[in-house]
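Me: I'm just starting out with protein structures, and I'd like to go through one with you. Could you show it to me first?

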Amino acid sequence: MPDTGAASDAVPGVGASRPHHIPVAGWGSVLRRVLRHVHEDRLPLLSAGIAFFAVLSIAPVLVTALSVYGAVNTPQQALAQLSGIADGLPPALETVVADQLTSITTASTQVLTRRGITALLLALWTATAATTSLIDALTLTYHEGDSRTVRQRTGLALLLVLSGALLVGAVIAGLGVVSRAIDDAPVGVHAAAGTAVWGGLALLMAVVLAVLYRVAPDRTRARWHWISWGAGTATVLWVLVSLALFAYVSQLGTYESTYGSLAGVAISMLWLWLTVLLVLLGAALNAELERQTTADSTVGPDRPVGRRGAVVADSVPQI
């Protein structure tokens, strides 16, 4: 139940209308609650379950994306472009990704067959299950109970999966256009374009996370400026953690000697677990930022505490 009691004026940031109005002392309180939230609600364990389903979901999303991409270019062209990205991965992971990309590209050319449609529908069910689990976890991260029916949650999950597949297809098509445009350009142009592309992809991820934080939890939607901090933080941390993990695996890791042929799978699972955990961490940050102020953080006209339709927005910060 939300705490709707009186807030102390001594709480730093108690009247903040935007996250950046919260003073440093208030941010300290927010971060302490985030860490406590991660521990008490066992977010690492939830992330592990979602990551398991996510491993099974990557293939159907890419198959759908490459099928969309095939309307612009051939799947073989997509394979060549995605293989270029795979070349930058650690050797143990590169082998797994390259093999899967070949299988996925072949499958995308058979989508319109009876067998292909059946396989795609079964795979999309797995992807929907993973997304439903993520929706449940985000609702919990915002301290909410879910009042939606199974059909409503599944429908939202399927919509997110299909939207994600279309977005990935559009990104692959865009990368193809950029690749052809700079094909004969000098090396410096290639380097600048590569940096711009990765920066654009990071920005796109932050936007996708912001949309996810807004629509997935079962609560009155938060205003965008109360969502963007968690989305941006999760994206930055994800980029840094991914670079650190891949550098460790490439230079210092012992996964191949420990796991043998399963090294690529082990690295993939670890990376996906960290990714999901950071997504939930961004949502936890958003939630605790909303709890730090008595200002209405939800969409629509300002409403008093207790009538906003969101636990964190209806909570009163304490010292």
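Reply: Happy to! This is a predicted model, in which local features need pLDDT of at least 70, side-chain atom pairs count only at pLDDT 80 or more, and totals for chains, interfaces and linings use all residues. Residues are numbered from 1 along each chain as its sequence is written, and side-chain values use heavy atoms, with hydrogens and water left out.

Me: In which helix is the place of threonine 128?

Reply: Helices here are DSSP runs (H or I, at least four residues), numbered from the N terminus. Threonine 128 sits in helix H5.

Me: Is threonine 128 buried or exposed?

Reply: Buried means under 20% relative accessible area, exposed over 50%, and partly exposed in between (1.4 Å probe, protein chains only). Threonine 128 has a relative accessible area of 8%, so this residue is buried.

Me: Leaving aside neighbours within four places in sequence, which residues is threonine 128 in contact with?

Reply: Contact means heavy atoms within 4.5 Å. With its neighbours within four places in sequence left aside, threonine 128 touches Thr154, Ala157, Leu158 and Val161.

Me: Which helix gives the largest share of the largest nonpolar core?

Reply: A nonpolar core is a set of buried Ala, Val, Leu, Ile, Met, Phe, Trp, Tyr and Cys residues joined through side-chain atoms within 4.5 Å. The largest one has 36 residues. Among the elements giving two or more residues to this core are helix H5 (114-141) and helix H10 (263-291). The largest share, 9 residues, comes from H10.
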